[in-house]
Amino acid sequence: NWNTFGNSCGGNTFGNSFQYNTFGNYCYRNTFGNDCYWNTFGNSCQWNTFGNGCCENTFGNGCYNNTFGNYCRTLTIFDGVQYVSVTGGSSDSDYVQNAQILNGTCGSDSDDLLEISFDENANYTQMAGLNSDGELRVWTPADMV
């Protein structure tokens, strides 16, 4: 490992344990196996798919429509989400699921990530977003009265 890829790298398949790599901007439609972590992606890296245990990866701005395996199952991240850190999934048996992060949910910058904590193993929908005052809210829609 320890590879560097330029801009516009697309349509590649990478195996398991693909780690410590750097990708340029506009890297899209790549597939990564299990345990691919500590990779860095530039801006506008979209439509990538990651296997199980893929954590500690860093993405630039405009990186959306990416799919991640275990520890974050059925986590939907809408457009414009930047500088967030999702917590709550700790293992193959304790993971975040059924969670959504709404459009425009953003932290300040890469040094001041917005931490979003979801319940592990939730069988209900959890949503996170910024309210009109710019404050983070995490809620379950079915609990709303």
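User: pLDDT is the predictor's confidence in each residue, from 0 to 100. What is the mean pLDDT of the protein chain?

Analyst: This is a predicted model: local features need pLDDT of at least 70, side-chain atom pairs count only at pLDDT 80 or more, and totals for chains, interfaces and linings use all residues. Residues are numbered from 1 along each chain as its sequence is written, and side-chain values use heavy atoms, leaving out hydrogens and water. In the protein chain, 84% of the residues reach 70 or more. The mean pLDDT of the chain is 80.

User: How many strands does the protein chain have?

Analyst: Helices (H or I, at least four residues) and strands (E, at least two) are DSSP runs, numbered from the N terminus. The chain has 0 helices, and its pattern along the sequence is β-β-β-β-β-β-β-β-β-β-β-β-β. The number of strands is 13.

User: Which element has the lowest mean pLDDT?

Analyst: Where pLDDT is low, the predicted coordinates should not be read in detail. At the high end stands strand β13 (residues 136–139), with a mean of 96. The lowest mean, 66, belongs to strand β7 (residues 58–59), so the element asked for is β7.

User: In the open sheet of 3 strands, what is the strand order?

Analyst: Two strands pair if DSSP finds at least two bridges between them. The pairing in this sheet is parallel, and its order is β2-β4-β6.

User: Which are the edge strands of that sheet?

Analyst: An edge strand here pairs on one side only. Strand β2 is joined to β4 (residues 31–32) by 2 bridges, with T13 opposite T31 in β4. The edge strands are β2 (13–14) and β6 (49–50).

User: Let's turn to the hairpin of β12 and β13. Which residue there takes a positive phi?

Analyst: Strand β12 (residues 126–130) pairs with β13 in the antiparallel sense over 4 bridges, and A128 has V138 in β13 as its bridge partner. The hairpin has 5 residues between its strands. The residue with a positive phi, near 80°, is G134.

User: Is T140 buried or exposed?

Analyst: T140 lies in the segment after β13. Leaving out residues up to four places away in sequence, T140 touches Y124 and T125, where contact means heavy atoms within 4.5 Å. Buried means under 20% relative accessible area, exposed over 50%, and partly exposed in between (1.4 Å probe, protein chains only). The relative accessible area of T140 is 15%, so T140 is buried.

User: How far apart in space are N123 and V96, C-alpha to C-alpha?

Analyst: N123 sits in the loop between β11 (114–117) and β12, and it is exposed at 72% relative accessible area. Its contacts, leaving aside neighbours within four places in sequence, are with Q97 and N98. N123 and V96 are 27 residues apart in sequence, while in space they are apart by 9.9 Å.

User: Which residues form a nonpolar patch on the surface?

Analyst: The patch has about 380 Å² of accessible area together, with areas taken from the Shrake-Rupley method with a 1.4 Å probe and, for residues, only the protein chains shown as cover. Patches use residues with over 30% relative accessible area and no salt bridge (a side-chain nitrogen of Lys or Arg within 4 Å of a carboxyl oxygen of Asp or Glu); like charges are joined within 9 Å, nonpolar side chains (Val, Leu, Ile, Met, Phe, Trp, Tyr) within 5 Å. One member, found in the segment before β1 (4–5), is exposed at 65%. The patch residues are W2, Y20 and W38.
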